[in-house]
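Reader: I am new to reading models like this one. Please take me through one part closely, in short steps.

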Amino acid sequence: MSHPDYRMNLRPLGTPRGVSSVAGPHDIGASPGDKKSKNKSTRGKKKSIFETYMSKEDVSEGLKRGTLIQGVLRINPKKFHEAFIPSPDGDRDIFIDGVVARNRALNGDLVVVKLLPEEQWKVVKPESNDKETEAAYESDIPEELCGHHLPQQSLKSYNDSPDVIVEAQFDGSDSEDGHGITQNVLVDGVKKLSVCVSEKGREDGDAPVTKDETTCISQDTRALPEKSLQRSAKVVYILEKKHSRAATGFLKLLADKNSELFRKYALFSPSDHRVPRIYVPLKDCPQDFVARPKDYANTLFICRIVDWKEDCNFALGQLAKSLGQAGEIEPETEGILTEYGVDFSDFSSEVLECLPQGLPWTIPPEEFSKRRDLRKDCIFTIDPSTARDLDDALSCKPLADGNFEVGVHIADVSYFVPEGSDLDKVAAERATSVYLVQKVVPMLPRLLCEELCSLNPMSDKLTFSVIWTLTPEGKILDEWFGRTIICSCTKLSYEHAQSMIESPTEKIPAKELPPISPEHSSEEVHQAVLNLHGIAKQLRQQRFVDGALRLDQLKLAFTLDHETGLPQGCHIYEYRDSNKLVEEFMLLANMAVAHKIHRAFPEQALLRRHPPPQTRMLSDLVEFCDQMGLLVDFSSAGALNKSLTQTFGDDKYSLARKEVLTNMCSRPMQMALYFCSGLLQDPAQFRHYALNVPLYTHFTSPIRRFADVLVHRLLAAALGYRERLDMAPDTLQKQADHCNDRRMASKRVQELSTSLFFAVLVKVSPPAWCPLTSLWFPTLLGTYSPGGLEEPRAVPGGAMAAALSLQESGPLESEAMVMGVLNQAFDVLVLRYGVQKRIYCNALALRSHHFQKVGKKPELTLVWEPEDMEQEPARQVRTPLCPSPPSPDDPSPASCGAPHSFICVSWAPPALQPPGSGFRALPAHPDPLLWVLLSGTTFPSLRAATVERGGALPVPLMQGCWPSGVL
């Protein structure tokens, strides 16, 4: 349904600068049915643009000899002509320059490359600070560094309350990779969320490329230092097309109306510039498209690539579907799901026939003789308040000797998913549930997810349990695995459990708690939660003593209107003791099961490993911290965790610096991977870096992860409940690889869903007039407003601005910190929302900008155009975060230089100076903070509205809203 209030003003994107002339945006000559005028000299024989792929035999031989290298292709979302594959030795990534060298491979494909001669390698200039020569990752941070039981958006309707708070999901149910509540919203790949953007901001902002940053040369490189060269290669074979070959985008008519192509094809322009432009037959297009192309200018389509020949600049595709108006939530969501290959179709009748047919279903009598009956025990779930797929429960029974019997009880999904059945096949293919902001795309039919398997309260359920005898300090005295039957006595939310933890001696009123089974009292549940909390604190403390790592980052939660489904507000989700309680016992269960199945099946265990950080990227981070004077120990996961915990204080600016550094530390981290133990020879490779444990697996979420279903089958075989798993190690590894791929795709989709809702939220919240986006650089507890300087005010989240809620018709303000500077841009982390964005200099109203390195510290100087040409331009110096403030004893403008990365104001109109002002001493922590005014009042004489040193300088960024491709 079209909704005018949240329809975003999207338009087809232009091709960023830097694209090879072979695949330029206006070169539509080489294509299906190429223009005869361009090929007269060849008499119909087309000139190949791309190389022919090598034969399988030659590729296999080359990989064995080491003359060829394979890896997953990553295309830079900011500069789509640049691509990379990881270096096998962990050194600097191998560079692939341009569309031609990429040879029709798409982002995520498993490719084979051949190194170019050394004289064609990329030269990275020493003075350059373009770190994208290394990574070009799309927030490729391991999602398992997230805390266990981050709130999972359920399939619950919005009818229970006027405003329903839901969370954009990472489905990171285990804090195994050290990332707590990872949130990387508004990723740079979401090119289509361009709201009210000026032409300059969009065209130049997408992929600013300058030849002075880095360049590929054809010269004598022997005189160059080794570090300044980056190995370069070309794609010679695609081992596996992992990209879906589907894209969302817009239809255009071809430019040359007189060409033969114009009568046969339309041009499909993908929103993601990493996907090539595609010719689609006009017969696939709407009937009136040629006559009325403007009617479809804002219509979002899905197109699938069906062929891409060697002699064609563009691919040939088939238009699959018209999604609706670009910028509307449901069309955009369907496009995201399709692009990432998520199967969101209804389950087939063959699959549904695998489910129990006689409803209501009851546990067969024979199961009671095969399982341990725990229905009388005090067992309960702790989940988000909106959750409906409840796959884990907890119990804690005090023992006479002062110890505790603690149980983790997981839904026995494998009982309902027969091996080899149609249900098993579709679950294996989907591999994971996908959690969007507004809904879930389930791995299993809802009858299983929400009813038969879900551990709903006061209902008998089949479970797989791990039960320990633990001391109050968390020491394991005994351990038991087995199939069980439970009856959860209540469904607690994290809020319920948190209130119990925070009120250990007070009785929680019954009206504030969910219904509890008559067999158990609220006091019994309360005490069990307190006992679990006490043990969990000891387990957590010991984990970090033993060298675990956690990288806490911000995560957005949204409030949705129950009628329209539109976002009404957002906030950072708070990770509290109740979350940590559940997390610790899920980690303990996963580790216990990993050891159990590996002992039973050393060649066939499905485990999960987390490799150490990427060597080269970690070295760069070490160098950066040294440059900034930050004492961070990267020698191990535990050392890094200790540094992040102890290096920073607890004041506002220290916490901001920690947030930025934590985010930067996530970049070298590799993804955790499922693997079959029989295919890795070195047990050291089994290790989990972030958890710092030798063995780990996933056991606790079988409703939403197929890997957990396989682990349940392995555990059942290890305990003698069933025969050994009928999968050869290489077959199991293939399924593990597929689970890894789908998990990554799910993570991307979740990020993009969050991006979409945040963009819609920003769009619908401000007043109707076209807003003005500005940057604020606060260096004092005060802000400039049209009426003058306001008094300092504290707001939630530590913002010093007079921030207004999203529901109010006023400006949306938030702080951000400069994370780093490049030659032509600087990156910021918006602290309130956990958003990382790149701000390009060529999209700012600058007179000039200049990049240099002072010593080893990168410095980007911005010189703003004054509105009054008689005034001197305002100069700003951007550097990454710096821990040391300048001396407050030196009030001169010259003291606010580059090392401190904040606004340097050399003039101030007297009218804007507060009483008794003059140049003031700088505050104690002049970090590179930005206040981003997303929308609101237009400031008069904005560029001249400069306050005295120590005040706030509002400077214009561009006309437009937040998700503009610039911010």
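Author: Here is a close look at the helices, with one contact at the centre. The model is predicted, so local features need pLDDT of at least 70, side-chain atom pairs count only at pLDDT 80 or more, and totals for chains, interfaces and linings use all residues. Residues are numbered from 1 along each chain as its sequence is written, and side-chain values use heavy atoms, with hydrogens and water left out.

Helices are DSSP runs of H or I, at least four residues, and strands are runs of E, at least two, numbered from the N terminus. Take helix α9 (residues 494-502) and helix α10 (residues 522-545). Their axes come within 9 Å and cross at roughly 80°. Axes here are lines fitted to C-alpha atoms, for helices over the stretch in contact, and angles run from 0 to 180 degrees between N-to-C directions. That makes α9 roughly perpendicular to α10 (under 35 degrees is roughly parallel, over 145 roughly antiparallel, 65 to 115 roughly perpendicular, the rest oblique).

Which residues meet? From α9 come Ala497, Met500 and Ile501. From α10 come Val525, His526, Val529, Leu530 and His533. Contact means heavy atoms within 4.5 Å. Six of the contact residues are nonpolar, two are polar and none is charged (Ala, Val, Leu, Ile, Met, Phe, Trp, Tyr, Cys and Pro count as nonpolar, Asp, Glu, Lys and Arg as charged, the others, Gly among them, as polar).

Now turn to α15, residues 706-718. Twelve of its 13 residues are buried, meaning under 20% relative accessible area (exposed is over 50%, partly exposed in between; 1.4 Å probe, protein chains only). Among them are Phe706, Asp708 and Arg713. Gly720 follows α15, with a positive phi near 85°.
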